[in-house]
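User: Please take a close look at the part of this model around the ligand. I am new to this structure, so go step by step.

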Amino acid sequence: MLVMTPPTTLPASRVPDPRQAPPLRWGVMGPGWIASRFVGALQKHTAQQVTAVGSRDLARAASFAQQWGVDVAVEGYEAVAERPDVDVVYVATTHDTHADLAILAMESGKHVLVEKPLATNAGDARKIAEVAVATDRYCAEALWTLYLPKWDVLRQLLDDCALGRLRSISGEYGEHFTGDHRIFDPALAGGPLLDLGIYPLSMITSLVGPPTTLTASGTAHPTGVTGQVAVTMTHDDDVLSSFWTTMYGAARNDLRLVGDDAVLVVEPVHNGPGPMTWSSADGSRVLAYEEPSALHVDGLHFQAAEAARRIAAGERETPMRPLSDSIVALEAVDAIVAVTS
Ligand SMILES: NC(=O)c1ccc[n+]([C@@H]2O[C@H](COP(=O)([O-])OP(=O)(O)OC[C@H]3O[C@@H](n4cnc5c(N)ncnc54)[C@H](OP(=O)(O)O)[C@@H]3O)[C@@H](O)[C@H]2O)c1
């Protein structure tokens, strides 16, 4: 029987200070939007060194290197994987390239942190996991939310049964994009599911496991991607979950966990640093987790610090985002795509 322990205070995060993580030498594949923010966060909050950046176009790599003070700019992603002054590669290219580049990096002897989604389907994600074992390299998906201090607090609350019996989780994530964004391009595995929906989906499946049933609806966008998707799932222990995602504009962008004895709301924007609120079922007691919401995804360094700690310790995965969890999320993606495309 589940026995609820009503918290009197919220637990403290156990995520170590990112600045204390052993410094590794990072190579960046793909000098785009997220790569800039990742390198900026590393330089601001950690002792990690970014030693090389590679682009399909040398001029783009050189411009990025100059902006961020990176010593080496190279043409092509293979050139990053081959550099002796790189310990770990950050794959920051479009989704469709993640699997090939993760495998390239590991087969070249590098550890790898791969932007979300780990791959575009579960089969490719399984291949990545096989290569990680065969090459004995660290490999993890950069689903940055799951490395944040607040996520560790949330996990402790669930481990302590602070909601009583967990009944349901719901989330949503929508953003506005200008028409030239890669999200509209089917050749780049566009659509909101892999870009945005992957957050609530991954949070849900990492907390309550794979779906036992799944229903989904989507609407098509004229460019050939699915423009918005709504998903309902059931999980073990009769947990119900739902999320929807859209590329047409901002949604509420929160995550809500409902238990018999309390409700936990991860306030918008749920996938970055920011506040959470625990409320007893009758609303008489409220505990607030206070954390400034990060501007411009400033928080991407926690996943890099975790990679550095694990690699330095000789470990090849992280419990914060094991490859098996990435595969479970992509199996759900496969099931959603099968009924919405
Ligand atoms: N963690 C987060 O909060 C977050 C936020 C945004 C994006 N992401 C993830 O990061 C990845 C990159 O997203 P982004 O927003 O940074 O995209 P972006 O600005 O468009 O950059 C993507 C990079 O991919 C490379 N690329 C390789 N093949 C390409 C192709 N066929 N077409 C276009 N670019 C190609 C490009 O580098 P070169 O051409 O210079 O080699 C480009 O710099 C995505 O998988 C996304 O899911 C994560």
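Analyst: What follows is a walk around the ligand, then a look at some unusual backbone spots. Keep in mind that this is a predicted model.

Start with the place itself. The ligand sits in the largest pocket. Two elements give two or more residues each to the shell around the ligand: α1 (33-45) and α7 (192-208). Now step back to the domains. Domain 1 spans 18-144 and domain 2 spans 149-293. Both give residues to the shell, so the ligand lies between them.

Who is in that shell? There are 23 residues around the ligand. Those that come nearest are Ser 55, Arg 56, Arg 60, Tyr 77 and Lys 116. By type, the shell has ten nonpolar residues, seven polar ones and six charged ones.

Next, the polar contacts. Ser 55 uses its side chain: a polar atom there is 2.5 Å from an oxygen atom of the ligand. Ile 34 uses its backbone instead, with a polar atom 2.8 Å from a ligand oxygen. Thr 93 also brings in its backbone, where an N or O atom lies 3.2 Å from an oxygen atom of the ligand. How much of the ligand does the protein cover? On its own, the ligand has 890 Å² of accessible area, and the protein covers 84% of that.

Now the backbone. Lys 116, one of the residues that come nearest to the ligand, is joined to Pro 117 by a cis peptide bond. Its omega is about -10 degrees. Pro 117 is placed in the loop between β5 (111-115) and α5 (122-135).

Another cis peptide bond runs from Pro 268 to Val 269, with omega near -10 degrees. Val 269 is found in the loop between β12 (262-266) and β13 (276-280).

One more spot deserves a look. Ala 189 is not a glycine, yet its phi is positive, at about 60 degrees. Ala 189 lies in the loop between β7 (166-174) and α7. That brings us back to the ligand, as α7 is one of the elements that give two or more residues to its shell.

Conventions: Residues are numbered from 1 along each chain as its sequence is written. This is a predicted model: local features need pLDDT of at least 70, side-chain atom pairs count only at pLDDT 80 or more; totals for chains, interfaces and linings use all residues. Side-chain values use heavy atoms; hydrogens and water are left out. A residue is near a molecule or strand if one of its heavy atoms lies within 4 Å of it. A polar contact is a pair of N or O atoms within 3.5 Å; within protein, one must be able to donate a hydrogen and the other to accept it, and residues adjacent in sequence count only if both atoms are side-chain atoms. Accessible areas come from the Shrake-Rupley method with a 1.4 Å probe; for residues, only the protein chains shown count as cover. On a 1 Å grid over the protein atoms alone, a cavity is a set of points where a 1.4 Å probe fits but cannot get out, and a pocket is an open set with protein on both sides within 12 Å along at least five of seven lines; lining residues have an atom within 4 Å of a point. A molecule sits in a cavity or pocket if more than half of its atoms lie within 2 Å of its grid points. Helices (H or I, at least four residues) and strands (E, at least two) are DSSP runs, numbered from the N terminus. Ala, Val, Leu, Ile, Met, Phe, Trp, Tyr, Cys and Pro count as nonpolar, Asp, Glu, Lys and Arg as charged, and the others, Gly among them, as polar. Domain bounds come from an automatic or database domain assignment.
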